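Grab a pencil and work through these short exercises with the model open beside you. Try each task yourself before you read its solution.

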Amino acid sequence: MNKNYGILFAEGTIGTDNTIHTKGVEHPWIFSLFGGGYGIMAVRVNEDGSLDQESTGKVLFWTTKDFINFCFQGLLDLKGNTDVKKICCKCDTLENQYIIEWEAADGGIYYNRMICDDLRWNVSKPVSITEFEFEKNNVCMEQSLAEYPEGAIIGNSAELDITLHRQVKREKKEYLFPLMKGYGDPVIFQWNGKYYFTATNDNKNAIGLYVKEAEDLNTLFSEDVESHLILGVDEENEFIQTFWAPEFHIIGGNIYILFAVSGKKWGPQCHMMKLKKDGNILDAQDWERPAKVQKKNGEWLSTDGITLDMTYLEAGGDSYVVWSYRQNIGTPLDTGSMLYIAKADIVRPWKLASDPVLLSRPLLGWENVDGTINNEGPFAYVTDDKVYLTYSGGASDSYTYAVGLLTARTGSDLLDISVWSKRSTPVLSFYSLEGVYGPGHSSFFKDHEGNLMIAFHGETGMGRLPRCIGIGRVHFGNNGEPLL
């Protein structure tokens with residue numbers, strides 16, 4: 001399953017010094033449970049495979065009904081409890097019929113790349129739509145469509161009085177990877193009928209925030225389109241290095257760029273820069289001086305660590321910011337980067353409207369690989385029902401980089417951590433897209449046709465190669481979740 005990428009990861013533990021002790025698993029054992037469902041046990045080990053002293057005599061224990069959603073039951077103490085089968089099963093291993101049952105169920109579909117050339121709609125009443133033209137005794141397709149997974153929601157929800165089951169051709173609207181080299185953390189912003197592109201610029205002698213403008217997506221990435229410097233090095237104001245992860249957002253009717261920047265001493269901190277009224281996005285003179293983000297009490301967002309990758313979202317009538325915070329980076333006391341969330345004031349968005357709340361730490365094995373310990377690059381897509389917050393873990397310049405997903409109900413209080421659900425596996429990894437290694441730090445935007453799109457950076461091989469920009473179409477499965 002999942003092309004041999006993981007589907008279930010052990011969580012690391014947090015030491016008394018607030019550092020994460022990364023864990024892995026060995027000797028997994030899958031079995032059927034009395035009463036239905038399956039159990040999974042495994043020995044917990046340290047990241048390097050050595051004995052985990054914290055769990056001696058115990059095994060990790062999960063239960064699942066579908067191999068998609070797992071319920072962690074804790075560390076099961078085997079001391080004095082040798083008859084494990086009392087709680088488990090009538091067999092020592094998962095027999096072939098269970099494997100077959102799994103592959104035929106949702107689990108087999110869920111983890112594999114979603115490509116299907118059949119389109120099926122079961123419908124109840126006639127509605128006029130533009131995608132198809134119908135004849136009395138025949139169904140003919142006038143517009144070629146992209147490949148959709150079975151059960152996907154396509155465009156607007158429409159109900160028809162027929163069942164459509166025909167092969168469809170792929171629409172020739174592909175954006176081949178890589179679109180640009182030497183850039184990471186991409187964001188595409190649509191405004192007044194044009195697209196604007198900004199990203200972290202990895203190229204030498206190109207320090208600052210740059211923006212490109214074009215009327216269509218393909219042109220946007222052309223070398224002929226000029227990159228406009230809207231914020232350069234400013235020693236007087238301590239804008240000198242790490243012009244990282246710029247994002248366009250409309251907050252309170254105004255356009256802002258959220259980004260991180262450092263002074264002479266390395267240490268990126270979150271800033272916001274507002275476009276003046278009726279200003280030109282490409283003109284540096286039309287942007288106000290960047291403001292460093294403050295806490296509710298007026299203190300800086302951080303005085304003992306780094307802050308970066310701030311994003312903005314609106315849900316349920318409230319406004320929020322989410323960002324990454326890290327202490328003691330590069331030292332034995334490195335906490336790893338953590339996601340925090342707070343309410344935002346749309347009048348003064350650079351000043352938090354609530355205290356910060358810890359949203360997520362990189363405890364899962366795929367989030368902390370080779371000491372990277374990352375939860376960073378959050379970006380949200382909000383529907384009437386759900387808040388989908390993607391984020392990235394692993395090494396941002398390596399094939400291990402991947403995109404995770406946090407979800408919550410749109411009308412809930414997003415500062416209440418209990419309303420959030422964290423996917424145990426990445427939704428985008430080096431197995432997800434052909435020829436793209438380490439896809440991550442994603443963002444969402446809509447094209448001129450209203451299609452939801454994703455932008456991300458990745459690499460063209462397994463080595464630490466230049467980061468490159470890619471974009472793709474987002475679909476939604478029949479469970480309502482985005483397919484990236």
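**Exercise 1.** Are Phe189 and Phe248 buried or exposed?

*Solution.* A word on the model before we start: it is predicted, so local features need pLDDT of at least 70, side-chain atom pairs count only at pLDDT 80 or more, and totals for chains, interfaces and linings use all residues. Residues are numbered from 1 along each chain as its sequence is written, and side-chain values use heavy atoms, with hydrogens and water left out.

Step 1: get the cut-offs. Buried means under 20% relative accessible area, exposed over 50%, and partly exposed in between (1.4 Å probe, protein chains only).
Step 2: apply them. Both Phe189 and Phe248 turn out to be buried.

**Exercise 2.** Classify the ring pair Trp62 and Phe72, and say where its members sit.

*Solution.* Step 1: recall the rule. Rings of Phe, Tyr and Trp (its six-membered ring) pair if their centres lie within 6.5 Å; planes under 30 degrees apart are stacked, over 60 edge-to-face, and the rest tilted. That rule gives 22 aromatic pairs here.
Step 2: check the geometry. The ring centres of Trp62 and Phe72 are 5.7 Å apart and the planes make 45°, so this pair is tilted.
Step 3: place the residues. Trp62 belongs to strand 5 (residues 58–64) and Phe72 to strand 6 (residues 70–77), so the pair ties together parts 10 residues apart in sequence. Strands (E, at least two residues) are DSSP runs, numbered from the N terminus.
Step 4: look at accessibility. Trp62 has 6% relative accessible area, so Trp62 is buried; Phe72, at 44%, is partly exposed.

**Exercise 3.** Now do the pair Phe189 and Phe248.

*Solution.* Step 1: with centres 5.0 Å apart and planes at 20°, the pair is stacked.
Step 2: Phe189 is in strand 12 (residues 183–191) and Phe248 in strand 16 (residues 241–251), so you're linking distant parts of the chain, 59 residues apart.

**Exercise 4.** Which residue's side chain joins Glu367 in a polar contact?

*Solution.* Step 1: find Glu367 in the loop between strand 23 (357–360) and strand 24 (376–382).
Step 2: with 0% relative accessibility, Glu367 is buried.
Step 3: the partner is Lys422, and the polar contact is 2.9 Å. A polar contact is a pair of N or O atoms within 3.5 Å; within protein, one must be able to donate a hydrogen and the other to accept it, and residues adjacent in sequence count only if both atoms are side-chain atoms.

Definitions and conventions:
Helices (H or I, at least four residues) and strands (E, at least two) are DSSP runs, numbered from the N terminus.
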